[in-house]
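Reader: I would like a close look at one part of this model, the start of the second chain, followed outward to whatever else can be said of the two chains. Please keep it plain.

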Amino acid sequence: MAATQMQGTATEQGFSAAQSGDASAGHDANAEPQSPLARLTPEQIEQLGREFDAIHDEVYADLGERDSRYIRATIKLHRQLVLAARALLLGSTLQAPWLAGTASLSLAKILENMEIGHNVMHGQWDWMNDPDINSQTWDWDTASPADAWRHSHNYEHHTFTNIRGKDRDLGYEIMRIDPHQRWHPIYLFQPLYNLLLMGFFEWGVAVHDLNRGAIHSGEKSKEQLLEELKAIGVKARGQVVKDYIAFPALSALAALVASRGSVESSKRSFKTTLAANFTANIVRNVWAYSIIFCGHFPDQTYTFSEAEVADETRGGWYVRQLLGAANIDGGPLFHLLAGNLSFQVEHHLFPDMPSSRYAEIAPRVRDICRRYGLPYNTGPLHKQLGTVHRTILRLAFPGGKVRPKPGPYQPDLT
Amino acid sequence: MAERGAVPHVSPVRRRVLDLVRSFTSPLLPDDYLELVNPLWSTRELRGRVERIERETPEAVSVLIKPGWEWPGHLPGQYVRLGIEVDGIHHWRAYSLTSAPGRPDGCIAITPKLVPEGKVSPFLFGRVRPGAIVRLGGVEGTFTLPEQVPERLLFISAGSGVTPIMSILRALAARGELRDVAHIHSARTAETVIFSRELRALHTQEHGYRLHEQLTGERGRVAPEHLDEICPDWRERETFLCGPAGLLAAMRERWERDGAPQRLHVEHFQPYEDLGGEHAGAGGTINFCKSGVQAASDGSQSILAAGESAGATLSYGCRMGICHSCVGRLRAGQVRDLRTGRVHGQPGETLQTCINAPEGAVEIDL
């Protein structure tokens, strides 16, 4: 297909000298790190765009049975984990089944949310033409209605990634995550509601999808808002009925039968199953929050002004995605549970590429970074998450500076 | 959106129970878990299991499929849409059903011919194994016998054009209604005659069935002028014709010139744009309400084709009235079905733009 020769096309001269601390003309001493975008010539950006396009085309030409088997197996694994968890939790009054059941259910929910839901709804598997594994028909076990999320995430966030004032995912409209955002006393509370958001992330995302700005400006009509609230209500009811009524009741019934009519143990079983389900939802939320906050908010990532990205070309879009995202290091199991969003850079370059391919193309992305003198943002989870929380704490207060940025990717250092 | 199989006939009680269980599976369906055990149990769409693959000729196989739920039934001569995964990608194709309705084993059969450069037929030919799961879409097609079986029949087929006719012949034979049937069938060589053994057996065993096999590799093609010699009373026979476009056009011309065109039934397995104006009507204007495009059709051009020539970007699939990828909601006006000439249209009706032409002014939500 369009698999042009990847190697040796980029020029190698001189990028490594242009380190990020290097303030060029027009920047004063206190200036923020210069965006590597400004260092590339239009021709280089165009060439880089072609190289990324070629990776995409090459992978898409190669998609086939191996990929289809992967997503089907992952979906099957999720359903088996759910069945195992629900069965174990029938005995939730005992410690071992409670622990095993809760762990299994947490894993299942994480898998369903990250590797399956997020990625299917991105359209990563639409090429299979399967009516069930399809972005238009999929629904996930979170509070966000599929349609609303697809709009706010796939369209708004992935198009306007890290453009200040346009990407509503920068701080989710409730947090000061970038020093360019004007300080307001409300942000003093952000360390606190950051913790709440962590635990109840799915609800935060659902409310975020409503788009507060559009409601205030009147861009979104009352009727539409009501309809969207109703959709969240439907999702909420689904989860509440399932996790907090139906399954606890089933456990209660099982306990009633097993204890030959003891109402006391039946009640206890209801409560312990409810607690297990609640715990699994919280675990999933904390995990999803952590992975997703590491995607764009670690120190390494750049944000952009609207002026910087005016008249952006396809190549420029790729560079912005590359600079605005950060990966998390880890093994295959970690990447699976992270929904491969630990390859956030690759995901932002190719949002519709099957997630299982990100690990395979990562070396080629790094090679492009090296040849064009661009950074490749990555780090271990504790480091990435640490810098995110440090930023949230620091920017709760007025002031704050843009953190120093890494230099061009150098293979031997990572 | 990706196409789905037909909704299976499932008892209301079972549906009610599954609905109740949904509280435990939301947002998934009980089906999603039942399918772990057996993918045929889906109540969302009809699926089938490949039971047997029988080699008919060096380039045709019959695939016997057992539907997961009771087969909704078909008329001999109709086709079914079949969805099958090949190399990870789901493909939909329409195949004539070659089995007669009501087989005792509950199976249905299709008999695809190998198209070496195709996607699906090479898979059905060499790679599919018994046990494979396929999706079964709706049964469609108007290439069927009238309810009252005509006294005298003529079938003309060439190559894999014999497939819908085989289903009709099998049904007639099973009901003992092969009273006076002539069949002219062409194939390149003796080995490439699909169903040759069965057709020849009918020829020797049934007094009411006469087969004329034309091996075109030796004797050339059947031309309209050969009819008088092969089947002198062809004008008096209700005729069913299925084969390549050239044969269809030549025969149709003969019937129009000196036969009774209303007695000729043709199965066209090809895009309707290529068919000319057999059932063309008055034509009219089309207002595509969503895209704001205005188009006009002379009556033989489908809504889809007219919209495309006016610059509208419209989604489509098969372009022959099978896949329903091109449907749009009719707001106002009447349309003519180019396959049958039937004029229809209710406001709010969803219609296939690829096989309907406007009959007067039409507004459609596309």
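Author: Glu3(B) sits in the segment that precedes H1 of chain B. In this predicted model, Glu3(B) counts as buried because 20 C-beta neighbours lie inside 10 Å, and 20 is the number at which a residue is called buried. One distant partner in sequence is His324(B): the two are 321 residues apart along the chain, yet their C-alpha atoms are 8.2 Å apart in space.

After that segment comes helix H1 of chain B, residues 12-25. Its 14 residues should span 20 Å at 1.5 Å a residue, and the end C-alpha atoms are 20 Å apart, so the two values agree. H1(B) is hardly covered, with a count of 1 buried residue among its 14. The loop between H1 and helix H2 (30-37) of chain B holds Pro27(B), and the peptide bond leading from Ser26(B) into Pro27(B) is cis, with omega near 0°.

Two residues of chain B have an unexpected sign of phi. Asp87(B) is not a glycine, but its phi is positive, about 50°. The residue lies in the loop between strand S3 (79-86) and strand S4 (89-96) of chain B. Asp87(B) has 14 C-beta neighbours inside 10 Å and therefore counts as partly exposed. Phe195(B), also a residue other than glycine, has a positive phi near 60°. Its place is the loop between S8 and H5 of chain B. Phe195(B) is buried, because 22 other C-beta atoms lie within 10 Å.

The loop with Phe195(B) leads from S8 to H5 of chain B, and both of these elements belong to a right-handed β-α-β unit completed by S9(B). The helix of the unit, H5(B), covers residues 196-205. The two strands, S8 (residues 181-187) and S9 (residues 209-215) of chain B, run parallel and are joined by 7 bridges. Within this pairing, His185(B) stands opposite Glu213(B) of S9(B). As a general point, side chains in a regular strand alternate between the two faces of the sheet.

Further along chain B, Pro244(B) lies in the loop between strand S10 (238-242) and helix H8 (245-258). With 15 C-beta neighbours inside 10 Å, Pro244(B) counts as partly exposed. When neighbours within four places in sequence are left aside, Pro244(B) is in contact with Ala158(B) and Gly159(B). Gly159(B) is 85 residues from Pro244(B) along the chain, and their C-alpha atoms are separated by 8.1 Å.

Next, the contact between the two chains. Chain A gives 23 residues to the contact and chain B gives 16 residues. On the side of chain A that touches chain B, helix H2 (65-88) and helix H8 (222-258) of chain A each supply at least two residues. H2(A) provides the largest share of that side, 6 residues. Sorted by class, that side has 9 nonpolar, 6 polar and 8 charged residues.

Chain A also has helices with a clear buried side. Helix H1 of chain A, residues 42-62, has 21 residues and reaches 31 Å from its first C-alpha to its last, close to the 30 Å expected at 1.5 Å a residue. Its buried residues are Ile45(A), Leu48(A), Glu51(A), Phe52(A), Ile55(A) and Val59(A). These cover an arc of only 120° around the axis, so they are on the same side of H1(A). They pack against helix H10 (314-324), helix H12 (344-349) and helix H13 (358-372) of chain A. The face turned away from the buried side of H1(A) carries the exposed residues Pro42(A), Glu43(A) and Ala61(A).

Helix H14 of chain A, residues 381-394, can be described in the same terms. It has 14 residues and reaches 20 Å between its first and last C-alpha, close to the 20 Å expected at 1.5 Å a residue. Gln384(A), Val388(A), Thr391(A) and Ile392(A) are the buried residues of H14(A). Seen down the axis, they fall within an arc of 100°, and therefore line one face of H14(A). Their packing partners are helix H5 (190-199) and helix H9 (263-296) of chain A. His382(A) and Leu393(A) are exposed on the face of H14(A) turned away from its buried side.

Key
Residues are numbered from 1 along each chain as its sequence is written. Chains are lettered from A and ligands numbered from 1 in the order in which they are written. This is a predicted model: local features need pLDDT of at least 70, side-chain atom pairs count only at pLDDT 80 or more; totals for chains, interfaces and linings use all residues. Helices (H or I, at least four residues) and strands (E, at least two) are DSSP runs, numbered from the N terminus. The expected span of a helix is 1.5 Å times one less than its number of residues. A residue is buried if 20 or more other C-beta atoms lie within 10 Å of its own, exposed if 12 or fewer, and partly exposed in between; C-beta atoms are placed from the backbone. The arc is that of the directions from the helix axis to the C-beta atoms. Two residues are in contact if their C-beta atoms, placed from the backbone, lie within 7 Å. Two strands pair if DSSP finds at least two bridges between them. A crossover is right-handed if, with the strands pointing away from the viewer, the path from the first strand over the helix to the second runs clockwise. Ala, Val, Leu, Ile, Met, Phe, Trp, Tyr, Cys and Pro count as nonpolar, Asp, Glu, Lys and Arg as charged, and the others, Gly among them, as polar.
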